[in-house]
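Work through the exercises below with the model open. Try each task before reading its solution.

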Amino acid sequence: MNMMSDMKSATSCLLEMCDEHFELEDYQSGVPRWCTGCGDNAILAAVQRLCRDEALRPEKTVFVSGIGCSSRFPHYMKTYGFHGIHGRALPVAEGVKMARPDLTVFVNTGDGDCTSIGAAHWIHAIRYNMNLTVFLHDNQIYGLTKKQASPTSPIGTKSNTTPRGSYLEALNPLTVTLGVQNVSFVAQAADWIPEVLFDIVKAAYHHKGLSFVRIIQRCPEWLPKALDPWMHDPNKVLLLNHANGLQASAGLSRVYKNQIEHDPLNIDRAREIASNTDIIPVGILYNNPKVPCYEDLRHLDKLRTPDLTRAGLNAELDKYTVWPQGAEQKVA
Amino acid sequence: MEADTQAHVAFFLTGRRPSEHLDAVDELKLRPALFAGYRELTQLRYDFPLVLLAQPTDSLYVQSLSGLFDTALAAAARGSDAERIRKHALRLEQEIRVLIAAGAGGPLSALWEKAAGRLAKAGDKSDAGSSLADSLRRTRAAIKLDGELADCDAALPARLLQHAWSAVQKRKSLAFRKDLDRLVLKLSDILKADFERSEAGRSAKHLKASVGSGFGDAFDFDAMSRMLAKALPKDEFPESRRKRIRELLAVLGAQQFYPSAGAPAKKSAAARPYSFLFDSCADALAAFRERMPRLIELAKAIAVAELEIDGQYSEAKHDALFEQFGANGLDPQDLAPFPDYLVCVNAEKMLAEEHAQLMEILSSGLPIKVLLQIDDILEDSPDGGGGLSSGMRSRQIANMAIGLNEVYVLQSSSSNLYRFRERMLRGLSYRGPALFSVYSGANAAASDLPPYLMSAAAMESRAFPAFTYDPSAGPNWAARFYLEANSQVDLDWPVQGFAYENEEHQRVSEDLAFTLVDFVASDRRYARHLARVPREKWNGSMIPVDESLTRERKGLPDKVPSLLMVDADNVLQRVIVDERLIREARRCRDMWHSLQELGGVHNSHAEKLLAREKKAWEERMQQEAETHAATAPVAATGAAAAPEVASAAVEEEPERSPDVAYIETPRCSTCNECTTINAKMFAYDNNKQAYIADINAGTYAQLVEAAESCQVSIIHPGKPRNPNEPGLAELLKRAEAFQ
């Protein structure tokens, strides 16, 4: 009887017993066409594991993507998916969420898709802060079109479009995201540390608002050695720990000794950490659950009944009076 | 012993008044001395009357008139004429009080007009008149709320509680309606979608109707229908589901627990919403039982509808489950969205049968809230002799209900109800039974004091202490029981300063305890237990009641308990009390003590524990002091052995032989390199991370190759198992990097 408000009713307990249970296979669809060794596989494994652990109902889950290697992601999930057009994954996902707030919406986008052609949508999606989980698969190269430099390619990257090496400093998706108004969740993972990758994917899913996860990802085909310095020297990875963020496990701490405490509510410190490119920070940089979601701000606190829709339409149409043919003369 | 004292003691022991020494008090219109200042309540600013807000919010449903004026004045009385506005507004407040005391009622706005009219009439028509109008206009503009005024009278407990209850039910009703409308809309949408996809839905006729008249001729609906019919979905909408949804809609539409959105006027009696307000426990209980099947049906329909809308209803799983639904009744969580019952009963009118029903309600955990109004707690016991037994029975129901452990119990006198307004709301929102035991003080036959004073006196004298017991507040008494509303809660009786003028016109002040006897003395039925002592006979053997209670009587008493009272002219009188009342006062004090213990005041268990701990602590200190004294001269013999190095609880890695091949599975990034080389040797686990499934399914060369191609270098090839494998020397060299 005590603390009854926290207790579940017998009915909901019984119904819970009837809930379906899922296996990893329930979310797998087809054999990924990604190259062997590709970091996308690690992300796929982590996300499928999340779906299983959270018992996400496949018919209530949507993966939206743009164009690129990473954007083939929805094909490999046995859920709803939308393999969209280049750079437009986020607007499509926002539309889905707006119309169907009951769905769980994930976005898979690559460094080209998000930070180049989709940059405008990216900035505004952060500002709108809708409840989406966004994975930026950042392999620092255009892979699907066989090696062209992307905005996140490190300066000097030799590619088909930059045979003498790229001329510009790489864009830092973390600092850009952390600079946008209304940002609510920013994390960074590396595909070769699957344990943290999974923890971050999980935290991102549980965050209400737009969670932006940049996943640094190897491309064994086009930039095979690019990330070796960081992969082979665990001290070049900085794990971020906090009671309100993640806590590195004992096993992980044996390998990755370079760790700091970082409060995910401290945005200034988050920006500082994100700016460092010599060392890859891994963990939750920023997490503020209090930022309002656009869909909540715009939520109509009324039932959308046919009458309501009709009244709205009529009111809208009544703004313009369309006279039947020949009526103008009579009125005049 | 002097003759006077002797007469006093005789009265104390027997209750008989020898006329030459003592006077009867019946005709003196005495009241407790501490009440001298409360003769004209309309002149005072206190909690009453209350404004029962017409538009209550979540937490605010009642306001005190004085509080309302204070807030308004804080906003309106500013600048140079602040003082004038304040003066005028407070005069109006007083005028409203006078009207209410004279029996007027109605909303604040109406009484405001009336009172303002009377003030204007009383005042002159000069400048002062217009400034009065200006003050009132400005104050009025700052009062945004309105509602019925309620004074502290016999009707107050039921009025206030019903008002609060209505506010809670209205909130529930809104939430429930919103939910219900959503369910109905979504269920209808399913049926509509089903129809649109059916043959009839795609017929030319229906298509034509959906376009409307304006452009009816512009389309060939037959052709359109033919095309759409071809695209009819193959999967049939199951008939059983259609039927189920129709039934759900019927149940949801016919519910009578909350008023429906449409106009209720035309509905027949069978479809009218239920009433949940009762004046008898038996009726409420009968109604609850009668409506239970309908309630279960509705709760079930809501649960099924939610599943249907979510597309989750599975006949295989849920049919059986819902067949049994509610067989054992519903638990409080399931009942929570439905209305609560409110029963208002008067203790005096309750028969034994009704008492039994009340206990039944309280002990069965039903969502029924009961107001037990008690108008008289000093009812004489049937066997005479001045005992308070009958009133005691009503008073004790609240204590008994606490014993049931899951009843929200609120006991308070009327005068304190405004202070308990949030606690009343909490009780009404509690999921389970609640008992509101309220003493109204309205027993005109017994006392000349107004109900407000009587009820305040009952609370002050511990005759009717105020407390709440909230089972939802926490797991223990400290969290659940609240006694602090009573004044000076740690004392037996509250003590107040009392000042008067003596024969020499000097101001004398003393502290007076307000005891049960003071309260009982206000009741004319107990006048025979009191005797006035003429001033010239006052002597040192008369001691205050509270003091006499602390004395244990052994043998013939030499002191007589007395109390100070004032007569109609506010002249101080001293009255002695007989032993009968003293006995009652002692009983009342003992009951107060046990309440104190429940409230954590002078708790005997805690005090015992404290004494034990204190003793142990003192002994320990003593011991330490002695050892210290003994060892002090000796040079310190080195600090105690250095604390042992705490062995860090480091997770041990499993012991591995460097010769056996293995994969650091948790670090695997699922890149498919190894499984591409040999899918039998390498496999993925539950989390899609690689491990060596069968070391014998491949060659050492494949192991080494996999180790080399592994993106995260987590494959350790170990030593070859087949010594005859070709090219081993070279493979071993390549494998060295991964051991």
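Domain bounds here come from an automatic or database domain assignment. This is a predicted model: local features need pLDDT of at least 70, side-chain atom pairs count only at pLDDT 80 or more, and totals for chains, interfaces and linings use all residues. Residues are numbered from 1 along each chain as its sequence is written, while chains are lettered from A and ligands numbered from 1 in the order in which they are written.

**Exercise 1. Domains of chain B**

Task: List the domains that the assignment gives for chain B, and state how far apart the C-alpha centres of domain 1 and domain 3 lie.

Solution. Start with the bounds. Domain 1 spans 49–151, domain 2 is made of 159–212 + 238–261 + 271–332, and domain 3 covers 662–738. Next, take the C-alpha centres. Those of domain 1 and domain 3 of chain B are 89 Å apart.

**Exercise 2. A three-stranded sheet**

Task: Give the strand order of the open sheet of three strands in chain B, and find its edges.

Solution. Strands are DSSP runs of E with at least two residues, helices are runs of H or I with at least four, and both are numbered from the N terminus. Two strands pair if DSSP finds at least two bridges between them. The order in chain B is E3-E2-E4, with antiparallel pairing. Strand E3 (62–64) and strand E4 (147–150) of chain B have a single partner strand each, so one side of each lacks a neighbour in the sheet. Neighbouring strands are turned by 25 degrees against each other on average, direction ignored. Now zoom in on one pair. E2(B) and E3(B) are joined by three bridges. In one of them, B:Val51 has B:Gln63 of E3(B) as its bridge partner.

**Exercise 3. Two packed helices**

Task: Describe how helix H3 and helix H4 of chain B cross, and name the residues of their contact.

Solution. Two packed helices are described by the angle between their axes and the distance between the axes. Axes are lines fitted to C-alpha atoms, for helices over the stretch in contact, and angles run from 0 to 180 degrees between N-to-C directions. H3 (residues 82–101) and H4 (residues 108–122) of chain B have axes that come within 9 Å and cross at roughly 110 degrees. Angles under 35 degrees count as roughly parallel, over 145 as roughly antiparallel, 65 to 115 as roughly perpendicular and the rest as oblique. H3(B) is therefore roughly perpendicular to H4(B).

Then list the contact. Two residues are in contact if their C-beta atoms, placed from the backbone, lie within 7 Å. H3(B) supplies B:Arg91, B:Leu92, B:Glu95, B:Ile96 and B:Leu99. H4(B) supplies B:Leu111, B:Lys114, B:Ala115, B:Ala116, B:Arg118 and B:Leu119. Finally, sort by class. Ala, Val, Leu, Ile, Met, Phe, Trp, Tyr, Cys and Pro count as nonpolar, Asp, Glu, Lys and Arg as charged, and the others, Gly among them, as polar. The contact has seven nonpolar, no polar and four charged residues.

**Exercise 4. A seven-stranded sheet**

Task: Trace the open sheet of seven strands in chain B, and place the helices H10 and H16 on it.

Solution. The order in chain B is E5-E6-E7-E9-E8-E10-E11, and the pairing is mixed. Strand E5 (277–278) and strand E11 (481–482) of chain B are the edges, each pairing on one side only. Strands E8 (residues 408–413) and E10 (residues 467–469) of chain B pair in the antiparallel sense over three bridges. There, B:Val409 stands opposite B:Tyr469. Now add the helices. H10 (residues 281–309) of chain B lies across E5, E6 (341–346) and E7 (368–374), at about 160 degrees to E6(B). H16 (residues 451–460) of chain B lies across E8 and E9 (434–439), at about 120 degrees to E8(B).

**Exercise 5. Backbone points to check**

Task: Which residues does a cis peptide bond join in chain B, and is A:Lys146 buried or exposed?

Solution. The cis bond joins B:Phe48 and B:Pro49, with omega about -5 degrees. B:Pro49 sits in the loop between strand E1 (31–32) and strand E2 (50–53) of chain B. Turn to A:Lys146. Its phi is near 70 degrees, a positive value in a residue other than glycine. A residue is buried if 20 or more other C-beta atoms lie within 10 Å of its own, exposed if 12 or fewer, and partly exposed in between, with C-beta atoms placed from the backbone. A:Lys146 has 11 C-beta neighbours inside 10 Å, so A:Lys146 counts as exposed.

**Exercise 6. The contact between the chains**

Task: How many residues does each chain give to the contact?

Solution. Chain A gives 32 residues and chain B gives 34 residues. On the side of chain A, the largest share, five residues, comes from H2(A). By class, that side has 17 nonpolar, ten polar and five charged residues.
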